[in-house]
Amino acid sequence: MSGILQLLLAAKDVTTNFFVEYLIVGGGGGGAGGGGGGGGYVTGTNFIAVKGTSYTITVGGGGAAGAGTPLSVASAGGNSVFGDLTAKGGGAASGANVHGFAGGSGGGAGAEGTSNRQRAGGGRAANQGYYGGNTVHYSPPYSAGGGGGAGGNGQDSQSDTQSGNGGIGAASSITGTSVTYAGGGGGGMYSTSSGTAGTGGSSVGGNGGGGTGDPAPTAGATNKGGGGGGAKNTGTAAAGGSGTVVIRYADTSPAATSTTGSPTITVSGGYRIYHWTGNGSITF
């Protein structure tokens with residue numbers, strides 16, 4: 001339903017239609033050589049709930065992981081939806097010698113070891129996230145870029161021996177408690193024996209793997225849209241985390257007449273709060 005039509009309906013019947021606050025987070029992108037991008041982060045306070053109308057809820061899944069090997073590509077995260085509002089899934093990271101991919105936040109670029117030139121991180125969705133980190137160093141042991149996050153760009157590769165960290169996430173208190181969402185994944189270290197992989201943004205994006213001590217990459221945080229951590233040359237990276245949808249409105253307005261998808265429902269602090277971690281719907 002268009003925003004103009006919603007406003008007209010609200011003006012016609014102010015006793016039953018009311019404003020709803022929302023948070024929509026897309027699924028995080030999968031890591032490859034670079035870190036996966038954090039899911040798109042969409043929030044606002046002016047959605048008009050129309051009495052008798054059912055709204056679809058979609059919670060995007062985390063993107064599957066790729067690998068650190070050349071030309072490997074991860075999967076983007078799934079989009080999350082509330083009504084006609086969409087948070088895009090995080091951008092897929094790339095393996096070595098490939099640019100990162102666009103999404104809610106962009107995926108990080110994999111290591112570059114063949115042509116001695118920059119590999120660009122992925123682009124972002126406007127007003128939903130930030131850019132993936134670039135690969136700007138080209139010598140062994142080969143570093144990669146971090147995935148972008150909802151609160152900041154993924155770091156470029158910091159040196160030949162240091163991959164970029166994931167971009168920071170963004171915090172929301174819509175559930176009644178401050179929670180950070182959609183951090184980017186840390187870039188992986190191409191080498192299995194030296195250098196330092198990047199860390200995930202805001203402890204929501206997954207950490208990169210490879211390098212000194214050969215740590216394993218970690219996945220993005222579930223239901224927070226974190227990007228997956230990148231991998232070493234011979235290893236598989238980590239998946240992105242699933243997204244979420246949360247809405248709330250003043251408890252002076254009536255409870256929903258029906259919901260599907262088993263949302264967590266609470267009444268606290270003057271609000272009715274509905275929190276989905278899987279697909280569903282709500283009818284007011």
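**Two antiparallel sheets and their connecting loops**

Strand S8 and strand S11 (residues 271-276) run antiparallel and are joined by 6 bridges, where strands are DSSP runs of E covering at least two residues, numbered from the N terminus, and two strands are taken to pair if DSSP finds at least two bridges between them. The model is a predicted one, in which local features need pLDDT of at least 70 and side-chain atom pairs count only at pLDDT 80 or more, whereas totals for chains, interfaces and linings use all residues. Residues are numbered from 1 along each chain as its sequence is written, and side-chain values use heavy atoms, with hydrogens and water left out.

Within the pairing of S8 with S11, Arg248 stands opposite Ile273 of S11. Strand S8 comprises residues 244-250 and is mostly covered, as 6 of its 7 residues are buried, a term that denotes under 20% relative accessible area, with exposed denoting over 50% and partly exposed the range in between (1.4 Å probe, protein chains only). S8 also pairs with strand S1 (residues 18-25), in the antiparallel sense and over 5 bridges; here the bridge partner of Tyr22 in S8 is Ile247.

These strands belong to an open sheet of 5 strands with antiparallel pairing, in the order S2-S1-S8-S11-S10. Strand S2 (41-49) and strand S10 (264-268) stand at the edges of this sheet, and because each has a single partner strand, one side of each is left without a neighbour in the sheet. Neighbouring strands of this sheet are turned by 20 degrees against each other on average, direction ignored, the axes being lines fitted to C-alpha atoms and the angles running from 0 to 180 degrees between N-to-C directions. At the S10 side of the sheet, S10 and S11 pair in the antiparallel sense over 5 bridges, and Thr266 stands opposite Ile273 in S11. In a regular strand the side chains alternate between the two faces of the sheet.

A further open sheet, with antiparallel pairing, is formed by 5 strands in the order S5-S4-S3-S12-S9. Its edges are occupied by strand S5 (85-87) and strand S9 (258-260), each of which has a single partner strand, so that one side of each is left without a neighbour in the sheet. The twist in this sheet averages 15 degrees from one strand to the next.

Strand S3 (residues 54-58) and strand S12 (residues 280-283) pair in the antiparallel sense over 4 bridges, and the bridge partner of Ser54 in S12 is Thr283. The side chains of Thr283 and Ser54 also make a polar contact at 3.3 Å, that is, a pair of N or O atoms within 3.5 Å of which, within protein, one must be able to donate a hydrogen and the other to accept it, residues adjacent in sequence counting only if both atoms are side-chain atoms. Thr283 is buried, with a relative accessible area of 15%. When neighbours within four places in sequence are left aside, Thr283 is in contact (heavy atoms within 4.5 Å) with Gly52, Thr53, Ser54, Ala256, Thr257 and Ser258.

Several backbone features lie in the loops. Pro140 and Pro141 are joined by a cis peptide bond, with omega about 10 degrees, and Pro141 is found in the loop between S5 and strand S6 (170-172). The loop between S5 and S6 also holds Asn127, whose phi is near 65 degrees, a positive value in a residue other than glycine; Asn127 is exposed, with a relative accessible area of 75%. Asn223, found in the loop between strand S7 (179-181) and S8, has a positive phi of about 60 degrees although it is not a glycine.
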